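Here is a friendly walk through one protein chain, going from its sheet pairing to its core and its overall dimensions. Have a look at the sequence and the coordinates first.

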Amino acid sequence: QVQLVESGGGLVQPGGSLRLSCAASGFTFSMYAMSWYRQAPGKERELVATISGSGLATVYADSVKDRFTISRDNAKNTLYLQMNSLKPEDTAVYYCKMVVTETGSTYWGQGTQVTVSS
């Protein structure tokens with residue numbers, strides 16, 4: 001079955017960096033676009049970035065553009081989110097997501113907490 005497992009979250013000071021990972025299994029990873037979402041306390045879950053199956057196309061939310069980089073290693077079935085110049089407003093639980101385009105089924109990881117604070 002499809003499994004998505006995030007890791008790499010933690011506490012970081014403003015201006016710092018973190019790299020999140022999402023290990024995928026149970027499907028042909030390279031065939032599907034993947035996304036990172038985040039949800040801050042009291043707010044709706046929002047899209048952070050999306051990457052195509054090949055890794056050649058990426059889309060970012062305006063709030064993270066030029067600070068975050070989404071990437072993937074299809075040989076390792078792993079999705080990444082490099083986060084630089086972190087701000088307190090980036091504090092949230094970060095989730096990876098995959099949608100099976102043929103069926104519309106949506107899969108989420110369990111999330112990893114990112115806290116940006118001095």
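## Strands, core and overall form

In this predicted model, four strands form an open sheet in the order S1-S3-S8-S7, and their pairing is antiparallel. Strand S1 (3-7) and strand S7 (68-73) are the edge strands; each has a single partner strand, so one side of each has no neighbour in the sheet. On average, neighbouring strands in this sheet are turned by 15° against each other, direction ignored.

Two strand pairs are worth a look side by side, one of them from the sheet just described:

| Strand pair | Sense | Bridges |
|---|---|---|
| S3 (residues 18-25) and S8 (residues 78-83) | antiparallel | six bridges |
| S9 (residues 92-100) and S10 (residues 105-108) | antiparallel | four bridges |

If you want to check the register yourself, Arg19 has Gln82 in S8 as its bridge partner, and Met98 stands opposite Tyr107 in S10. The hairpin of S9 and S10 has four residues between the strands, and Gly104 there takes a positive phi near 80°.

Now to a charged residue: is Asp90, in the loop between S8 and S9, buried or exposed? Its relative accessibility is 1%, and because buried means under 20%, Asp90 counts as buried. Beyond its neighbours within four places in sequence, Asp90 is in contact with Arg38, Arg67, Phe68, Ser85, Val114 and Val116.

Which residues touch the most other members of the largest nonpolar core? Within this set of 30 residues, they are Leu4, Phe27, Trp36, Leu79, Leu81, Met83 and Tyr94. At least two core residues come from each of S3, strand S4 (34-39), strand S5 (46-51), S7, S8, S9 and strand S11 (112-116). S9 gives the largest share, with five residues.

Stepping back to the whole chain, the protein has 11 strands and zero helices. A compact globule of 118 residues would have a radius of gyration near 13 Å, and the protein has 14 Å, which agrees. The C-alpha trace spans about 45 × 30 × 25 Å along its principal axes. Buried residues account for 42% of the 118 residues. Among contacts with a separation of 6 or more, 52% join residues 24 or more positions apart. Finally, the accessible surface comes to about 6,200 Å², and carbon and sulfur atoms hold 48% of that surface.

Methods: Residues are numbered from 1 along each chain as its sequence is written. This is a predicted model: local features need pLDDT of at least 70, side-chain atom pairs count only at pLDDT 80 or more; totals for chains, interfaces and linings use all residues. Side-chain values use heavy atoms; hydrogens and water are left out. Two strands pair if DSSP finds at least two bridges between them. Axes are lines fitted to C-alpha atoms, for helices over the stretch in contact, and angles run from 0 to 180 degrees between N-to-C directions. Buried means under 20% relative accessible area, exposed over 50%, partly exposed in between (1.4 Å probe, protein chains only). Contact means heavy atoms within 4.5 Å. A nonpolar core is a set of buried Ala, Val, Leu, Ile, Met, Phe, Trp, Tyr and Cys residues joined through side-chain atoms within 4.5 Å. The radius of gyration is taken over C-alpha atoms; the globule rule is 2.2 Å times the number of residues to the power 0.38. Accessible areas come from the Shrake-Rupley method with a 1.4 Å probe; for residues, only the protein chains shown count as cover.
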